[in-house]
Amino acid sequence: MNTLTIAWKSIRQRRVASLLTALSVALGVTLMISVLVINGVIDRMFNQTASGYDLIVGPKGSPLQLVLNTVFRVGAPIENLPYRYYTELKNDPRIEEAIPFAIGDVTQKGGFPIVGTIPRYFALEYIPGRHFRINSEGKFLPSTWDSVIGSAVAKQNNWKMGDEFQLIHGSAESGHVHDEKFKIVGILAPTGTPNDRTVFVNLRGFYQVSGHEKPLEEAIRREAAFFGEKVDEEKLKALLKENASHDHHDHSGHGHAHAVPDAQKEVTAILVQMKGDRLRGFATIKFQSQLKEGNQAQAVNPIQQITWLMTNIVGNVRTMLIVLTSLIIIVSGVSIFVSIYNSMSDRKKEIAIMRALGAGRTAVFTIILSESVLLCLGGGLLGIVLGHGLVFVASPIIEARSGLLINPFAFSSVELVLLPVLVVLASLVGFIPAMTAYRTDVASTLSD
Amino acid sequence: MSLLLENVKKSYREPNGSVLPILDIARFELKENEQVALIGESGSGKSTLLNVISGITAADSGKVTIAGTEIASMAEVVRDRFRAERIGFVFQTFNLLPAFSALENVLLGMSFSRKKPNRDRAKELLALVGLERRLHHHPKQMSVGEQQRVAVARALANQPKLLLADEPTANVDLANQDTILKLLREACAQNQIAMLLVTHSQEVANQFDRVETLTEFNKVHAPV
């Protein structure tokens with residue numbers, strides 16, 4: 001019978017107290033595992049989303065708001081850019097690829113964000129080395145009223161190929177449902193990015209939705225103001241007269257698409273991929289600073305903004321959560337100390353008996369310390385299982401609500417450190433009770 | 001010689017600082033395989049004597065030699081190991097560990113020696129004391145007589161050279177007293193173990209060939 005067996009017997013002898021003590025450790029570890037797994041997902045999400053392009057060009061304003069809206073589809077767009085600006089960027093010799101984004105509406109069912117874009121968006125890598133994959137019969141927005149939906153959207157809304165849906169203007173609270181219907185022609189494979197909970201619609205169709213095109217006069221004046229040009233009033237009158245013959249608000253159902261004049265189109269952001277390979281970084285910075293000097297638009301490096309967000313907000317929240325869960329584990333450690341220490345008065349006799357049978361002081365010290373380690377490790381292992389189990393149970397709910405793809409069995413390297421840390425904690429909290437055992441006066445305890 | 005005490009003195013310091021002498025034994029010996037009953041009244045130093053012999057308590061001075069090995073000068077850790085391997089102990093209150101079954105209690109007795117605990121031997125010992133059907137019972141599931149028999153088996157576990165029994169029948173009902181005593185004496189005789197049995201019962205002592213009275217050779221209690 002070795003030390004561990006003797007320690008285990010003692011734990012079993014006080015099974016209720018031992019179980020409660022181990023459970024308190026397990027609870028702390030469960031929370032820590034949950035935080036670590038979610039943190040891993042957030043890390044991946046924030047570090048991988050913005051890598052298929054170099055810059056996001058948007059109206060002047062908060063760079064973070066531009067990134068949050070364009071990449072994470074959170075919050076409102078800053079403002080809009082004229083479509084002409086997009087065409088200019090597209091033709092800029094320094095730019096390899098420019099992808100327009102028009103973000104604004106949400107789906108009637110589920111409230112998923114709508115992104116109007118062009119099929120070439122899906123040719124960009126969504127994380128380094130990874131390209132969008134679509135279902136076998138799916139297509140990337142070939143026609144005006146086509147839509148490609150993210151995996152989480154398909155799952156939560158139970159949408160299939162060929163299904164049609166309507167948009168709610170602005171946010172879900174507005175309640176104004178557009179008449180036009182988009183048809184699902186593709187379902188994206190899960191990416192673990194906000195694309196999973198996004199509905200992409202053909203940009204042409206997006207503009208043809210009633211109310212999405214700006215009134216012509218307003219659009220022309222805004223565009224002129226954006227480019228710092230004067231409006232030719234004569235030309236404007238002629239244009240308005242010509243345009244008056246067309247009814248802009250007659251879009252009962254899709255299929256009778258009319259071409260919206262470019263002047264009436266706007267984009268919320270443009271994803272830009274610079275040309276070049278070795279000098280691409282330099283070109284990006286130069287282009288960025290050039291835009292900064294002007295007063296029309298800004299070019300934001302999404303990775304810089306995400307890093308800022310990670311460092312200053314997400315990182316701090318993560319640190320706070322890890323500190324909190326660490327504190328819970330320490331409190332659990334204290335409960336092990338209290339449990340073992342309180343049991344010592346009852347167990348002095350047992351220790352004295354073992355000493356009388358020939359157990360050395362070191363042996364009884366080791367037995368008590370082993371109890372502490374067994375309780376801590378047992379609780380820790382249970383916590384790891386419960387933690388991953390909790391994430392396993394919660395992941396479909398989180399996935400459906402946030403689009404975050406969670407692998408419940410993804411192990412963080414911190415977990416490898418966790419068990420040795422628990423052993424150290426157990427040794428610390430077990431030390432004083434173990435010393436009590438070490439110092440037990442055998443003769444007087446046996447005579448009591 | 002199984003046990004030899006020479007000029008063994010032991011005293012305790014009282015809370016008020018005064019010294020209270022407990023033992024002052026010029027010479028006491030136990031031959032090989034000898035079984036001796038030691039009679040002593042309460043407070044006469046019986047338990048202290050057993051603790052000094054077993055090395056649980058160190059003597060203030062003098063020599064304690066067991067099976068040719070002087071233990072008083074040993075380092076504590078060596079003395080603990082010696083106690084595990086050479087001395088068997090049977091207590092008045094059995095002192096079985098409640099979390100352990102009968103078999104585990106005997107195995108526990110083997111756990112602190114250098115030899116690997118031998119499960120078969122533990123079973124044999126329990127069979128020897130008539131508990132072959134109670135191997136996996138825990139102390140609270142057994143009668144006091146059965147508990148003391150487990151304690152006897154545990155004391156024999158490491159084939160000791162000396163068995164110390166502290167009032168082994170005091171807490172046992174009359175029917176079991178003879179059984180326990182007979183068991184102890186026969187086991188010691190068969191295994192060539194010397195036994196020093198401490199009792200306050202003349203009836204128990206009368207069953208031994210040699211009976212000593214502690215107050216007669218402990219000078220602390222000698223008449224002034």
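## An exposed glutamine with positive phi

B:Gln192 is exposed, with 11 other C-beta atoms within 10 Å, and since the cut-off for exposed is 12 or fewer, the label follows. This is a predicted model, so please read the values below as properties of a prediction. B:Gln192 is not a glycine, yet its phi is positive, at about 55 degrees. As for its place in the chain, the residue sits in the loop that runs between helix H6 (174-190) and strand E8 (194-199) of chain B.

Chain B offers a companion case in B:Asn95, another residue other than glycine, with a positive phi near 50 degrees. The loop between strand E6 (87-90) and helix H3 (102-110) of chain B holds B:Asn95. Is B:Asn95 buried or exposed? With 22 other C-beta atoms within 10 Å, B:Asn95 is buried, because 20 or more are enough for that label.

## Chain B as a whole

Chain B contains 8 helices and 9 strands. Along the principal axes, its C-alpha atoms fill a box of roughly 55 × 40 × 35 Å. The radius of gyration of chain B is 17 Å, which agrees with the value near 17 Å for a compact globule with 224 residues.

Of the 224 residues in chain B, 50% count as buried. Among contacts in chain B with a separation of 6 or more, 73% are between residues 24 or more positions apart.

## Chain A and its two domains

Chain A, with 448 residues, tells another story: its radius of gyration is 32 Å, where a compact globule would have one near 22 Å. The C-alpha atoms of chain A fill a box of roughly 115 × 45 × 35 Å along the principal axes. The domain assignment divides chain A into domain 1 (3-46 + 308-447) and domain 2 (55-300). How many Å separate the centres of these domains, taken over C-alpha atoms? The separation is 51 Å.

There are 13 helices and 13 strands in chain A, and 43% of its 448 residues count as buried. Residues 24 or more positions apart make up 78% of the chain A contacts with a separation of 6 or more.

## A kinked helix

Helix H10 of chain A spans residues 302-356 and has a kink of about 65 degrees, centred on A:Asp346. After H10(A) comes A:Gly358, with a positive phi near 115 degrees.

## Two nonpolar cores

In soluble globular proteins, nonpolar side chains tend to be buried together. Here, the largest nonpolar core has 116 residues, and B:Val106, B:Val152 and B:Leu184 have the most contacts inside it. Helix H2 (residues 15-48) of chain A gives the most to this core, with 12 residues. There is also a second, separate core of 62 residues, with A:Ala154, A:Leu167, A:Ile184 and A:Leu203 among them.

For a look at one of the well-connected residues, try B:Leu184: leaving out residues up to four places away in sequence, it touches B:Val90, B:Val152, B:Ala165, B:Pro168 and B:Met195.

## Where the chains meet

At the interface, 16 residues of chain A are in contact with 23 residues of chain B. On the chain A side, helix H1 (3-13), H10 and helix H13 (442-447) each supply at least two residues. H1(A) gives the most to that side, with 4 residues.

What is the make-up of the side of chain A that touches chain B? Its residues divide into 8 nonpolar, 5 polar and 3 charged.

How values were computed
Residues are numbered from 1 along each chain as its sequence is written. Chains are lettered from A and ligands numbered from 1 in the order in which they are written. This is a predicted model: local features need pLDDT of at least 70, side-chain atom pairs count only at pLDDT 80 or more; totals for chains, interfaces and linings use all residues. The bend at a residue is the angle between axes fitted to the seven residues ending there and the seven starting there. Domain bounds come from an automatic or database domain assignment. The radius of gyration is taken over C-alpha atoms; the globule rule is 2.2 Å times the number of residues to the power 0.38. Two residues are in contact if their C-beta atoms, placed from the backbone, lie within 7 Å. A nonpolar core is a set of buried Ala, Val, Leu, Ile, Met, Phe, Trp, Tyr and Cys residues joined through C-beta atoms within 7 Å. Ala, Val, Leu, Ile, Met, Phe, Trp, Tyr, Cys and Pro count as nonpolar, Asp, Glu, Lys and Arg as charged, and the others, Gly among them, as polar.
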